[in-house]
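Subject: Structure handover

Hello,

Please find the structure below, with the sequence alongside. My notes on what was found in it follow.

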Amino acid sequence: MPRFEAQRRHEPFYDLAVGAMSVWVALRFRLRVSGIGHIPGAGPVILAPNHVSNEDPVVLGAVARRARRRLRAVAIEGLFTRPVLGSILRATRQIPIDRERARPALEAARAALTAGEALLLYPEGAVARGQPTRARAGVGILALETGAPIVPVTSAGVEPRGEGARWRRPASVVVGPPVDLSPWRDDRRRSAAREIAEAVHEAIRAQLPSARALAAAA
């Protein structure tokens, strides 16, 4: 099936990078994962997580590896100009986004989904520093344009702890069932994408008690 050709592509550098990340995650956290079966083994999917730390994309890359999926993450454009990190992001085909001009990133994300890939897209767009945030419409736009399912993902325990925070601290990732998008099928209203984004955001927040309990038991 040509639709899923990109998912089967041999990408040794990605596999090496995420393998190293997985080792780092194992040293950094006592990670427990729930609901990993909600990540489909093939085909387009949008993983929509909460963004609590600069470390959680690394954790989620390791989790996706357990599900035998490669992630194409939408990441702030400035990260791609950093030494070493930028080279890794470009070599692993991650997607840069300029917040003032998001359309090129959305087009690249749509192409990844059309190719049957797994897309990592934070509805909040940036790390939430303990303040209430609104979901951005991009996740809804992509779901409407591609028909890809949206899987809410909630992390706990990976938040910054400051200097001296102990290694191998408890953390968790809860992967929920796909958000029900049936109310917006064939919806042509301009507000539909925003409503989907808010529904996804609420699904992520609803999983937070379970994520915290799972981390506490790690």
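Two strands are said to pair if DSSP finds at least two bridges between them. Helices (H or I, at least four residues) and strands (E, at least two) are DSSP runs, numbered from the N terminus. This is a predicted model, in which local features need pLDDT of at least 70 and side-chain atom pairs count only at pLDDT 80 or more, while totals for chains, interfaces and linings use all residues. Residues are numbered from 1 along each chain as its sequence is written, and side-chain values use heavy atoms, with hydrogens and water left out.

The sheet

Strands of a sheet pair through backbone hydrogen bonds, either parallel or antiparallel. Here seven strands make an open sheet with mixed pairing, in the order E1-E7-E6-E2-E5-E3-E4. Strand E1 (29-34) and strand E4 (95-97) are at the edges with a single partner strand each, so one side of each has no neighbour in the sheet. From one strand to the next the twist averages 20°. Axes are lines fitted to C-alpha atoms, for helices over the stretch in contact, and angles run from 0 to 180 degrees between N-to-C directions.

Strand E2 (45-49) pairs with two strands that you can follow in the model. With E5 the pairing is parallel, over three bridges, and Leu-47 has Leu-120 as its bridge partner in E5. With E6 the pairing is also parallel, over four bridges; there Leu-47 stands opposite Val-151, and Pro-49 has Val-153 as its bridge partner.

Two further pairings are worth listing. Strand E3 (residues 71-76) and strand E5 (residues 118-120) are parallel, joined over three bridges, and Arg-72 stands opposite Leu-119 in E5. E6 and E7 run antiparallel and are joined by four bridges, with Ser-155 partnered by Val-173 in E7.

Next, how covered are the residues of E2? Five of its five residues are buried (buried means under 20% relative accessible area, exposed over 50%, partly exposed in between, with a 1.4 Å probe and protein chains only). Val-45, Leu-47 and Pro-49 point one way from E2, and Ile-46 and Ala-48 point the other way. E6 is likewise mostly covered, with seven of its seven residues buried. On one side of E6 are Ile-150, Pro-152, Thr-154 and Ala-156, and on the other are Val-151, Val-153 and Ser-155.

Helices on the sheet

Contact means heavy atoms within 4.5 Å. Helix H5 (residues 103-114) lies across E2, E3, E4 and E5, and runs at about 155° to E4. The buried residues of H6 are Gly-138, Val-139, Gly-140, Leu-142 and Ala-143. These buried residues pack against E2, H5, E5, E6 and H7. Just after H6, Gly-147 has a positive phi of about 75°.

Helix pairs

Two packed helices are described by the angle between their axes and the distance between the axes. For helix H2 (residues 12-28) and helix H3 (residues 56-66), the angle is about 110° and the axes are 9 Å apart. H2 and H3 are therefore roughly perpendicular (angles under 35 degrees count as roughly parallel, over 145 as roughly antiparallel, 65 to 115 as roughly perpendicular and the rest as oblique). Their crossing is left-handed (the near helix is turned anticlockwise from the far one by less than a right angle; clockwise would make it right-handed). On the H2 side the contact involves Val-18, Gly-19, Met-21, Ser-22, Trp-24 and Val-25, and on the H3 side Val-58, Val-59, Gly-61, Ala-62 and Arg-65. These residues divide into seven nonpolar, three polar and one charged (Ala, Val, Leu, Ile, Met, Phe, Trp, Tyr, Cys and Pro count as nonpolar, Asp, Glu, Lys and Arg as charged, and the others, Gly among them, as polar).

The axes of helix H6 (residues 138-146) and H7 come within 7 Å and cross at roughly 110°. H6 and H7 are therefore roughly perpendicular to each other, and their crossing is right-handed. Val-139, Gly-140, Ile-141 and Leu-144 of H6 meet Ala-192, Ala-193, Ile-196 and Ala-197 of H7. By class, that contact has seven nonpolar, one polar and no charged residues.

One residue of H7

Ala-199 is in helix H7 (residues 192-206). Ala-199 is partly exposed, with a relative accessible area of 24%. Leu-181 lies 18 residues from Ala-199 in sequence, and the two are 9.0 Å apart in space, C-alpha to C-alpha.

Regards
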